[in-house]
Amino acid sequence: MNEQISNGVRLFLSVVVALSLVLSAAATPVAAASYDEYQEPELVPTIQGSNVVAPGETATLTVQLQNRGTAVTHSDGNVDRLASVVDAHGVTPGTATATTVTVDAGGAPLEVDSGPQSAGSISPRSEGDVSLELDVDEGASPGTYELPVVVEYQYIHRISADADDFFIVRNDVRVTKHVTVRIDESFRLDVVGVTSENLRHKEDGTVSVTVRNAGSETGTDTELQLLETGQLRPRTNGVSLGRLESGETATAEFRVGVRDIEAAGNYSVGVRANYEDEDGTVKQSEIRRGTVGVEDAPSFTLDASTESLYVDSTGAVALTVTNTGDRPVRNARAVLHPTEPFSPLSTSASLGTLDPGESATTRFKLEVADRAVPQTYPLVYTVEYDDAYDERVTSEERTVSADVGPEMTIETSGSPAVAAGSTETIDVTVRNTGDDVMRDAVARINVNTPFETDDDTAYVGDLAPGESRTVTFTVSVDDEATPKAYTVDTTVKYDNAFDRTVVTGTESTSVTVTEGGGGLLETILDIFGL
């Protein structure tokens with residue numbers, strides 16, 4: 001095998017063994033033959049799609065390399081078998097291999113962020129693509145710019161073959177081409193600053209965004225939009241900025257609702273401008289971002305104590321709410337969310353404005369069902385207050401405990417006796433066995449045969465826990481009543497601490513009927529002392 005040198009590059013590929021095996025398989029000697037094929041690739045770079053960029057823009061363009069080379073071949077004699085061997089080795093004339101592309105900014109007002117990039121192998125009449133990442137200067141002057149493109153590759157310059165062996169000559173190439181980009185006048189949005197007020201969980205606050213037209217083109221009918229995020233939701237949007245000249249700034253204010261904030265901190269916001277260019281075409285800017293601070297939501301502690309809260313009665317819960325946050329809350333209200341066995345007489349109460357660390361106490365009257373059992377029950381409250389836009393905000397639910405005591409009860413005692421056929425007074429002692437004062441208490445008896453009465457109530461007055469008082473009733477007994485012990489039912493009606501009327505359960509008092517006297521005649525004689 002021979003060796004050939006071109007352009008100072010010495011490359012040698014020996015396939016003598018392979019060709020010898022092929023040739024030895026022939027039954028008769030192969031006639032001498034030669035075969036030459038060579039081609040020089042022509043790689044032409046162009047930008048695919050739009051080549052227009054704007055001042056201040058970061059853009060990615062696509063550079064395409066087209067191989068426009070043409071092959072030249074010459075053969076002498078029968079080289080079919082030899083050509084098949086060459087083909088089997090994957091030798092493709094005219095292909096640019098190990099292709100590398102490097103784009104430089106040249107004198108253009110931009111930076112090329114993409115370094116040398118591999119385009120691989122590019123065969124004739126095909127192409128390869130590489131990316132071109134550009135950062136255009138904010139103050140770039142509009143115009144057309146040529147960017148140098150350095151293309152490095154290797155190719156097979158020539159293949160020469162005969163019946164015995166073949167030669168491959170490769171060349172290394174480094175060539176500079178150019179691609180064209182155009183920098184147009186444009187409107188470019190920049191965020192100068194973002195401020196916020198009263199941004200807290202569940203509240204509406206204010207976001208103010210100051211923007212600048214950093215482009216070279218004036219935007220008319222400019223409108224700034226605040227983009228919604230998972231935490232920040234604009235209540236007002238599309239704020240008009242009017243005409244925004246190049247380099248001019250403007251500020252837009254947005255009402256923003258805050259939701260799903262896990263913790264205070266800085267959160268990202270995005271803005272975008274809709275505008276008309278100088279030709280009256282409606283366009284939209286790129287999204288620009290800033291950050292806003294979100295504060296902690298107001299926090300509260302709740303403490304409760306019960307007052308005269310008993311089964312089958314009306315009592316109250318005194319609720320104390322303390323503002324544990326770092327800002328005042330305006331027009332605060334405590335709201336009760338009723339649950340069994342309570343029936344609230346009111347479900348909300350005003351707390352006024354609470355400064356940080358300040359407390360306010362209010363009372364909720366509750367009716368306790370007669371089926372309740374004495375124990376501790378949970379009561380669920382929320383605190384409502386006004387945000388900066390006078391919208392009602394509801395805090396997270398808080399639970400306090402309420403102790404319900406046993407039903408208020410009485411005991412009755414006494415051993416009154418009434419003769420059959422007579423009308424007499426009986427004394428009944430009533431004792432308060434409950435845990436609270438019975439105010440303006442009135443005792444009442446309920447009689448059945450053989451008793452009758454037109455005097456079934458007696459005033460008891462205030463009866464403290466454990467206190468007793470004896471009251472008197474007038475009853476008549478049928479003259480045919482059987483002498484024995486009967487029961488008379490007694491209840492007490494009273495006012496509790498909240499001026500609600502309560503009636504106790506029934507207690508029974510034993511009344512003994514004795515033998516009657518001489519009837520009416522004896523009664524008359526007794527009256528006259530006869």
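Strands, for these legends, are DSSP runs of E at least two residues long, and helices are runs of H or I at least four residues long, both numbered from the N terminus. This is a predicted model, where local features need pLDDT of at least 70, side-chain atom pairs count only at pLDDT 80 or more, and totals for chains, interfaces and linings use all residues. Residues are numbered from 1 along each chain as its sequence is written, and side-chain values use heavy atoms, with hydrogens and water left out.

**View 1. The whole chain, a protein with 41 strands and three helices.** Of the 530 residues here, 42% are buried; buried means under 20% relative accessible area, exposed means over 50%, and partly exposed is in between (1.4 Å probe, protein chains only). Take the contacts (heavy atoms within 4.5 Å) with a separation of 6 or more: 68% of them come from residues 24 or more positions apart. The accessible surface runs to about 26300 Å², and carbon and sulfur atoms own 43% of that. Those areas come from the Shrake-Rupley method with a 1.4 Å probe, and for residues only the protein chains shown count as cover.

**View 2. The second largest pocket, with H201, A297, P298, S299 and E396 nearest its centre.** A pocket is found on a 1 Å grid over the protein atoms alone, as an open set of points with protein on both sides within 12 Å along at least five of seven lines; its lining residues have an atom within 4 Å of a point. This one has a volume of about 280 Å³, volume being the space filled by probe spheres set on the points, which are joined across faces, edges and corners. Strands β23 (300-307), β29 (375-386) and β30 (392-394) each put at least two residues into the lining. By class, you'll find 10 nonpolar, four polar and six charged residues there. Ala, Val, Leu, Ile, Met, Phe, Trp, Tyr, Cys and Pro count as nonpolar, Asp, Glu, Lys and Arg as charged, and the others, Gly among them, as polar.

**View 3. The largest pocket, lined by 20 residues.** Look for A54, E57, S186, F187 and Y275, which lie nearest the centre of the largest pocket. The elements giving two or more residues to its lining are β5 (52-53) and β21 (282-284). There is about 400 Å³ of space in this pocket, and its lining splits into seven nonpolar, five polar and eight charged residues.

**View 4. R212 and D190, paired in a salt bridge at 3.5 Å, N to O.** R212 sits in strand β15 (residues 204-213) and D190 in strand β14 (residues 189-197), so the pair ties together parts 22 residues apart in sequence. R212 is partly exposed at 27% relative accessible area, while D190 is buried at 13%. A salt bridge puts a side-chain nitrogen of Lys or Arg within 4 Å of a carboxyl oxygen of Asp or Glu, and the structure holds 23 of them.

**View 5. R235 and D204, a salt bridge with its closest N and O atoms 3.3 Å apart.** The pair links distant parts of the chain, 31 residues apart: R235 is in the loop between β17 (232-234) and β18 (239-244), and D204 is in strand β15. D204 is buried, with just 5% relative accessible area, whereas R235 is partly exposed at 42%.

**View 6. E467 and R469, side chains meeting in a salt bridge at 2.9 Å, N to O.** E467 is partly exposed at 29% relative accessibility, and R469 is partly exposed at 27%. Elsewhere, R200, E203, E295 and R327 are joined into one network by salt bridges that share partners.

Terms used: 1 Å grid on protein atoms, 1.4 Å probe; cavity = no way out; pocket = protein on both sides within 12 Å on 5 of 7 lines; lining within 4 Å.
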